[in-house]
Amino acid sequence: QKQVKPDKNDEPEYKAVDLIEVLKTKTIDPDVKHDEAYCDFGSRLDTWDHWKLLSYKSNDSAFARSTVVKIVIDLQPNKQRSPVTDLRDSKIYFLESSCWYYHYRFISTYIYTKNDYQDNEVFNKVQYTSSNRRFYLLKITHYYDQNLYALELWPGDTLPLDRVRDVMSKIKSESQWFSKTENSLRWRPNSTRQWDLVERCKKDKKLLDDLCCITDSEMFGGVKYQPLTTGIAVG
């Protein structure tokens, strides 16, 4: 039988470094600033140290005391031909978010092959609005003043609410940190459209209870510090 040579265009060009694997052989102080990142992502997020190593300080001046971890969920891991329907079969990446601020850059570097390639514009249109998308692109923001962990989507994302709930379940299953009651993960709608979805689902009390939506009044009412002008001064 004739052997088929592997297609180099069907393999990612680089291999991403997993924080969990790094920590098996190395001790990293999360409170010490490092010039270079030790990893590209975490396959799990189980401790406060994991959060500190993967997160970056938010540039949102309205909620200055907050940190963020970006997340990619791949619905076609291991070169599956079609997206999985059960998110338990998907693969999650908690990004080293100070390095990988944009989901697209991480995916195009470590997941996409040359055969998969999409430019940024096409990628954004498909992966944020298509029902046939391969990835769910999210972030979790820790708001210190409000003591909240918020799951957030891009404001224009069209992901249905039942899938948002599935995403929250997936994150909790891959993170001991968010399975703790005191670190309960809640959904924060980020646009009028997302709040409209909530309004339309008011009869589904179980769904809304699972999402436990964070309201704007809850967010702004909990602010303890908000800078008026940010910048760098010399003198």
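1. Charges to begin with. This is a predicted model, and its charge is spread with little offset between the two signs: there are 36 positive and 35 negative charges, and their mean positions lie 2 Å apart.

2. On the fold: the chain is a mix of eight helices and seven strands. The radius of gyration comes out at 19 Å, close to the 18 Å the globule rule gives for 235 residues, so the protein is as compact as a globular protein of that length. If you want a feel for the dimensions, the C-alpha trace spans about 70 × 55 × 35 Å along the principal axes.

3. Now for inside versus outside. Of the 235 residues, 45% count as buried. The accessible surface adds up to about 14100 Å², and carbon and sulfur atoms own 48% of that.

4. How much of the contact map is long-range? Taking contacts with a separation of 6 or more, 64% join residues 24 or more positions apart.

5. Helix H3 (residues 103–110) deserves a look on your screen. Its buried residues are His103, Tyr104, Phe106, Ile107 and Tyr110. Viewed down the axis of H3, these buried residues fall within an arc of 165°, so they line one face of the helix.

6. And what do the buried residues of H3 pack against? Four of the partners are strands: E1 (41–42), E3 (66–74), E4 (91–95) and E5 (135–143). The other partner is a helix, H4 (120–129).

Terms used: Residues numbered from 1 in each chain as written. Predicted model: local features only at pLDDT ≥ 70, side-chain atom pairs only at ≥ 80, totals over all residues. Heavy atoms only, no water. Helix = DSSP H or I, 4+ residues; strand = E, 2+ residues; numbered from the N terminus. Rg over C-alpha atoms; globule rule 2.2 N^0.38 Å. Buried < 20%, exposed > 50% of the residue type's maximum accessible area, 1.4 Å probe, protein only. Contact = heavy atoms within 4.5 Å. Areas by Shrake-Rupley, 256 points an atom, 1.4 Å probe, with all protein chains shown as cover. Lys, Arg positive; Asp, Glu negative; His and termini not counted. Charge placed at Lys NZ, Arg CZ, Asp CG, Glu CD. Arc of directions from axis to C-beta.
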